[in-house]
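Student: I should like a close look at a single helix of this model. Please describe it in detail and then place it within the rest of the chain.

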Amino acid sequence: MPCSGGGTLACETAPGTQGVPPPSEAVTRVAVFSTRQYDREFLTAANREPGHELVFYEPRLTVETAPLAAGFPAVSAFVNDALDAPALTVLAEGGTRLIALRSAGFNNVDLGAAAALGLRVARVPAYSPHAVAEHTVTLILALNRKIHRAYQRVRDGNFSLDGLLGFDLSSRTVGIIGTGIIGATVAGILHGFGCDLLANDPFPNERVRALGARYVALPELFGAADIITLHCPLLPETTHLVDRNAIAQMKRGVMLVNTSRGGLVDSRAVIAGLKSGHIGALGLDVYEEETDLFSRDLSGQIIQDDVFSRLLTFPNVIVTAHQGYFTAEALHEIATTTLTNVTQYEAGRPLANEIRFDPGVDHVGGRRAA
Ligand code: NAI
């Protein structure tokens with residue numbers, strides 16, 4: 001089957017799906033956006049049984065690239081695809097009926113517009129909480145023991161320890177904001193390190209309480225925590241949850257880690273906090289303007305984002321490019337659940353992982369998530 005992309009847009013039909021007769025009644029054509037080689041491998045492997053017709057596109061899904069999905073009943077999108085009203089309108093006009101997100105978060109989808117256009121949206125609610133939780137703890141440990149600096153130093157024949165002083169994690173106070181699936185997994189790991197846990201979440205988690213964590217209001221958490229880690233969704237009320245005012249309430253020298261969504265942190269405020277020394281270390285796997293940066297090799301180009309570039313200059317900052325989810329287990333789970341969502345939709349069965357638009361209330365199982 002010819003790819004509908006053409007031109008400079010990379011497009012590939014899944015090997016093994018071309019010319020293969022549909023094995024069941026529930027087979028559909030899926031335009032899969034924002035795919036890299038690893039996405040294609042895991043999706044193709046997971047597609048052996050459902051046998052959907054997958055057409056892979058490398059570009060992000062935006063209003064400009066949405067016409068590539070014309071004639072596809074299902075579209076699969078990832079975290080930095082822009083599923084805003086204009087893009088959704090193009091998809092709906094092209095015949096798309098299902099958006100199968102390959103992510104848990106859906107802050108990039110205009111759910112109201114999707115509902116109005118008759119588009120149903122499904123996601124992968126939980127793929128591997130361990131992947132993101134372990135990456136979070138990796139950032140905490142690396143920042144504390146300055147592994148990024150030690151690695152470079154030793155390779156350069158410099159075996160001095162000056163500037164590499166860390167602290168015992170045991171008995172330190174960690175504040176966890178958002179104790180859903182990932183935050184609770186982080187709590188479990190840090191409990192194993194002997195940390196004192198403070199938590200903040202409008203829906204306290206009994207599993208986290210059972211670890212000895214105390215649920216407190218944000219000002220108390222900010223004032224007491226040596227390490228603060230963010231695991232709540234990006235919502236209007238959590239946007240820039242960490243701003244100048246929040247940082248001013250934190251302990252001097254606090255370590256801040258964000259593996260959730262970039263918009264939770266006001267990057268300019270954090271830079272001011274790093275410059276003054278109020279923030280002692282910063283670990284980011286997400287960045288509020290990451291869409292134009294992450295998932296791409298820009299090593300030969302000039303980065304135009306001055307705020308991001310400034311963040312990279314600090315010796316006590318580690319940035320990873322949204323790789324928290326990036327384990328083999330998670331990619332397998334993402335691929336399997338995404339294709340199951342497509343199969344359920346096509347077969348007319350209840351869509352177990354559907355995100356329903358419910359203005360003013362919540363979107364998933366009594367809570368909102370992103
Ligand atoms: P979840 O829905 O299980 O948990 C989110 C928790 O945040 C819930 O307990 C909710 O009650 C809480 N929450 C909501 N509003 C809050 C507020 N204003 N203050 C404090 N807590 C609040 O979601 P899950 O699976 O644990 O994911 C957490 C976040 O991790 C996601 O929202 C997503 O943005 C991010 N994520 C990042 C990945 C990465 O690769 N870096 C991969 C997957 C998810």
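Tutor: The account below starts with helix H10 and then moves outward to the chain, its domains, the ligand and two loop residues.

The model is a predicted one, and the remarks that follow should be read accordingly. Helix H10 spans residues 267-276, and its buried residues are Ser267, Val270, Gly273 and Leu274. These four cover an arc of only 115° around the axis, which puts them on the same side of H10. The general geometry of such a helix is relevant here: with 3.6 residues a turn, an α-helix has residues three or four places apart pointing the same way. On the face of H10 turned away from the buried side are the exposed residues Lys275 and Ser276.

What do the buried residues of H10 pack against? Their partners are two helices, H9 (244-249) and H11 (306-311), together with two strands, S12 (279-284) and S13 (317-319). Just after H10, glycine 277 adopts a positive phi of about 85°.

The setting of this helix may now be considered. The chain contains twelve helices and 14 strands. Its radius of gyration is 22 Å, close to the 21 Å that the globule rule gives for 370 residues, so the chain is as compact as a globular protein of that length. Along the principal axes, its C-alpha atoms fill a box of roughly 65 × 45 × 35 Å. Of the 370 residues, 44% count as buried. Among contacts between residues at least 6 apart in sequence, 70% join residues at least 24 apart.

The chain is divided into domain 1 (7-127 + 327-346) and domain 2 (129-319). Taken over C-alpha atoms, the centres of domain 1 and domain 2 are separated by 31 Å. Contact between them involves seven residues of domain 1 and ten residues of domain 2. By class, the side of domain 1 that touches domain 2 has two nonpolar, four polar and one charged residues.

Both domains also take part in the surroundings of the ligand: the shell draws at least three residues from each of domain 1 and domain 2. There are 31 residues around the ligand, and those that come nearest are Gly178, Gly180, Ile182, Cys232 and Gly324. Helix H6 (residues 181-192) supplies the largest share of this shell, three residues. In terms of class, the shell comprises 14 nonpolar, twelve polar and five charged residues.

Two loop residues deserve attention for their backbone angles. As general background, most residues other than glycine have a negative phi. Serine 34, which is not a glycine, has a positive phi near 55°. Serine 34 lies in the loop between strand S2 (29-32) and helix H1 (37-46). With 20 C-beta neighbours inside 10 Å, serine 34 counts as buried, because the cut-off for a buried residue is 20 or more. Lysine 146 likewise has a positive phi, about 55°, although it is not a glycine. Lysine 146 is found in the loop between helix H4 (129-145) and helix H5 (147-155). Lysine 146 has 19 C-beta neighbours inside 10 Å and therefore counts as partly exposed.

Key
Residues are numbered from 1 along each chain as its sequence is written. This is a predicted model: local features need pLDDT of at least 70, side-chain atom pairs count only at pLDDT 80 or more; totals for chains, interfaces and linings use all residues. A residue is near a molecule or strand if its C-beta atom, placed from the backbone, lies within 6 Å of it. Ala, Val, Leu, Ile, Met, Phe, Trp, Tyr, Cys and Pro count as nonpolar, Asp, Glu, Lys and Arg as charged, and the others, Gly among them, as polar. Domain bounds come from an automatic or database domain assignment. The radius of gyration is taken over C-alpha atoms; the globule rule is 2.2 Å times the number of residues to the power 0.38. A residue is buried if 20 or more other C-beta atoms lie within 10 Å of its own, exposed if 12 or fewer, and partly exposed in between; C-beta atoms are placed from the backbone. The arc is that of the directions from the helix axis to the C-beta atoms.
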